[in-house]
Amino acid sequence: MKPSAWQGICLVFRKELTAGLRFRAAWAAMLMFALTTLACASMALQGGSLEPRMQAALLWIILFFASMAGADRVFADESTAGTLLTLRVYGASQAVLLGKLCYTFFLLLVLAAFTVPLFLVFLDVTVKEPLVLLGAVLLGTGGIAAAGTLIAALTTDASTHSGLFSVLMLPVILPVFLPAISLTASSFGADGAGSPYLGAMALYDAILAVGASVLFDSLWYED
Amino acid sequence: MWGGLDAAPQKGRGMRRGSMEERQTDAGASIVFANVTKRFGAHTVIHGLTRTVRGGCITAVTGINGSGKSTFLKLAAHLIMPEEGAVHVAIDGEEVRRAALRAKIALVTPELRFYARLTAWENLAFVLGARGKKLTKEGYEALLGRVGLAREKTGGMRVEGYSTGMRQRLKLAALFGTDARIWLLDEPGANLDEAGREMVRAEARAAAGRGTLVLWATNDAGEEAEADETIRLAGHLPRLS
């Protein structure tokens with residue numbers, strides 16, 4: 001009997017979550033990176049304030065690099081532990097991809113839920129448009145999750161995995177990163193970006209997810 | 001310089017339930033190796049192999065270390081592809097590839113690992129669930145008990161606490177639980193005690209009796225003797241001088 005796509009995705013997500021919660025290294029690395037960077041930035045500013053665009057850029061730099069501490073491991077950990085073969089034999093390609101993508105997205109949402117409030121407090125930032133900030137964070141982390149999962153799969157067998165992951169990630173993520181910064185700046189009170197950027201980010205996220213889905217079969221099956 | 005030759009099929013202890021010729025029908029599983037050559041870099045492991053393996057019997061693949069036994073199994077599973085020739089897998093007369101093929105195979109190899117931070121029950125729930133099978137609690141207990149990993153023995157501990165023999169038994173539990181039509185076993189008796197090896201032989205025989213294609217890479221004389229036929233791989237190893 002073949003499981004439904006949804007059941008397969010839920011199985012992979014639940015497996016990732018259970019294993020992740022029992023080890024917690026990826027979670028700890030991400031959250032500690034975010035906390036350390038925030039504390040350093042806050043102390044360096046000594047009560048001073050930044051322009052909204054600089055604030056937004058700083059927030060996304062923290063989110064991006066903190067996510068790199070955990071999100072690039074989704075397939076590399078399987079390869080290191082020797083479980084990738086098990087996953088290849090028993091897991092359907094789309095269930096594996098989307099289950100891991102959902103888990104990475106969830107991980108990044110937790111990271112954002114931890115980082116953004118602390119950022120607002122530590123750097124004394126006032127949010128003028130909370131819904132725009134919420135949209136930017138959701139779509140920005142969604143884009144990082146989609147791009148990160150695909151590139152992690154592509155670079156799993158590379159001997160220089162981490163370096164290659166970062167190099168490939170930059171051009172793929174820029175179309176998400178730049179509007180996310182503009183939208184976040186706008187939510188902090190800067191002039192400029194608005195809802196058209198949200199639509200463009202949602203479209204790019206969808207393209208990334210569909211592209212990952214189409215490409216992944218050729219990575220998963222040799223024949 | 002490269003030496004050696006390839007497959008030299010031989011009958012093992014004979015067909016227990018009819019000859020191979022009687023089974024040359026569309027029913028059941030079959031794997032056809034058609035003039036297959038596999039290289040790793042400049043090293044040719046398998047050269048020009050042509051062979052058909054069918055369901056309903058146990059086929060042993062033997063040969064010295066490096067002769068290509070594990071490669072043979074991976075080719076059968078389409079986990080790697082040959083440089084030349086083709087490997088055709090058919091179920092009930094219909095060729096299967098990609099997801100349809102993966103759904104029909106189960107693998108026990110030294111490279112296969114289960115999730116160390118999950119329990120045996122959680123690992124089985126994951127791999128069987130991925131194949132669309134959901135057992136009751138009693139079903140999982142029975143399956144684990146069948147391979148000697150009953151809860152009373154393991155205490156429900158995570159796989160990271162298992163010995164190599166217990167991990168091998170967990171691989172076998174997944175194999176038995178999936179109802180796969182093709183069993184690809186690479187040294188399945190490795191790390192098992194005599195009772196465990198006997199269990200593997202009995203289960204493989206029972207599976208072959210149900211029509212399952214059992215391909216068994218081994219250097220163990222007892223396992224080879226259990227097989228209905230044998231493919232000997234001589235390999236293409238580099239000469240040392």
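## A walk through a predicted two-chain model

At 0% relative accessibility, K100(A) counts as buried. That is our starting point in this predicted model, and the partner of K100(A) is worth a look too. K100(A) makes a salt bridge with E78(A), and the closest N and O atoms sit 2.9 Å apart. The two come from distant parts of the chain: K100(A) belongs to helix 6 (residues 93-122) of chain A and E78(A) to helix 4 (residues 73-81) of chain A, 22 residues apart. E78(A) counts as buried as well, because its relative accessibility is 4%, and the cut-off for buried is under 20%. The pair also has company, since a network of salt bridges links K15(A), E16(A), E78(A) and K100(A).

Over all chains, the structure holds 20 salt bridges. One of them is formed by R22(A) and E122(B), with 2.7 Å between the closest N and O atoms. R22(A) lies in helix 1 (residues 5-23) of chain A and E122(B) in helix 3 of chain B, so this pair joins two chains. R22(A) is partly exposed, at a relative accessible area of 27%.

Now hop over to chain B and its strands. Strand 2 (residues 29-40) of chain B pairs with strand 3 (residues 43-54) of chain B in the antiparallel sense, over eight bridges. Here I31(B) stands opposite V53(B). The two strands form a hairpin with two residues between them, and G41(B) in the turn has a positive phi of about 65°.

Strand 2 of chain B has another partner: seven bridges join it to strand 5 (residues 84-91) of chain B, and these two run antiparallel. In this pairing, S30(B) stands opposite A90(B). A salt bridge links the two strands as well, between R39(B) and E84(B), whose closest N and O atoms are 2.7 Å apart. R39(B) lies in strand 2 of chain B and E84(B) in strand 5 of chain B, so the pair ties together parts that are 45 residues apart in sequence. Both ends count as partly exposed, with R39(B) at 29% relative accessibility and E84(B) at 37%.

Follow strand 5 of chain B onward and you reach strand 6 (residues 94-95) of chain B, joined to strand 5 by two bridges in an antiparallel arrangement. A90(B) turns up again here, with E95(B) as its bridge partner in strand 6 of chain B. This hairpin has two residues between its strands, and D92(B) takes a positive phi near 50°.

Next comes a loop. T109(B) lies between strand 7 (105-108) and helix 3 (120-130) of chain B, and it is buried, with a relative accessible area of 5%. Setting aside neighbours within four places in sequence, T109(B) is in contact with L85(A), K171(B) and D186(B).

What about the cysteines? There are zero disulfides over all chains. Take C102(A): the closest cysteine sulfur is in C10(A), 8.2 Å away, which is too far for a bond.

Finally, how far can you trust the picture? The model scores ipTM 0.85 and pTM 0.86. For chain B the mean pLDDT is 85, and 86% of its residues reach 70 or more. Among the elements of chain B, strand 8 (residues 182-186) has the highest mean pLDDT, 95, and strand 1 (residues 8-11) the lowest, 48. pLDDT stays under 50 over residues 1-9 of chain B, and again over residues 11-24 of chain B. Where pLDDT is low, the predicted coordinates should not be read in detail.

Methods: Residues are numbered from 1 along each chain as its sequence is written. Chains are lettered from A and ligands numbered from 1 in the order in which they are written. This is a predicted model: local features need pLDDT of at least 70, side-chain atom pairs count only at pLDDT 80 or more; totals for chains, interfaces and linings use all residues. Side-chain values use heavy atoms; hydrogens and water are left out. A disulfide is a pair of cysteine sulfur atoms within 2.5 Å. Two strands pair if DSSP finds at least two bridges between them. Helices (H or I, at least four residues) and strands (E, at least two) are DSSP runs, numbered from the N terminus. Buried means under 20% relative accessible area, exposed over 50%, partly exposed in between (1.4 Å probe, protein chains only). Contact means heavy atoms within 4.5 Å. pLDDT is the predictor's confidence in each residue, from 0 to 100. A salt bridge is a side-chain nitrogen of Lys or Arg within 4 Å of a carboxyl oxygen of Asp or Glu.
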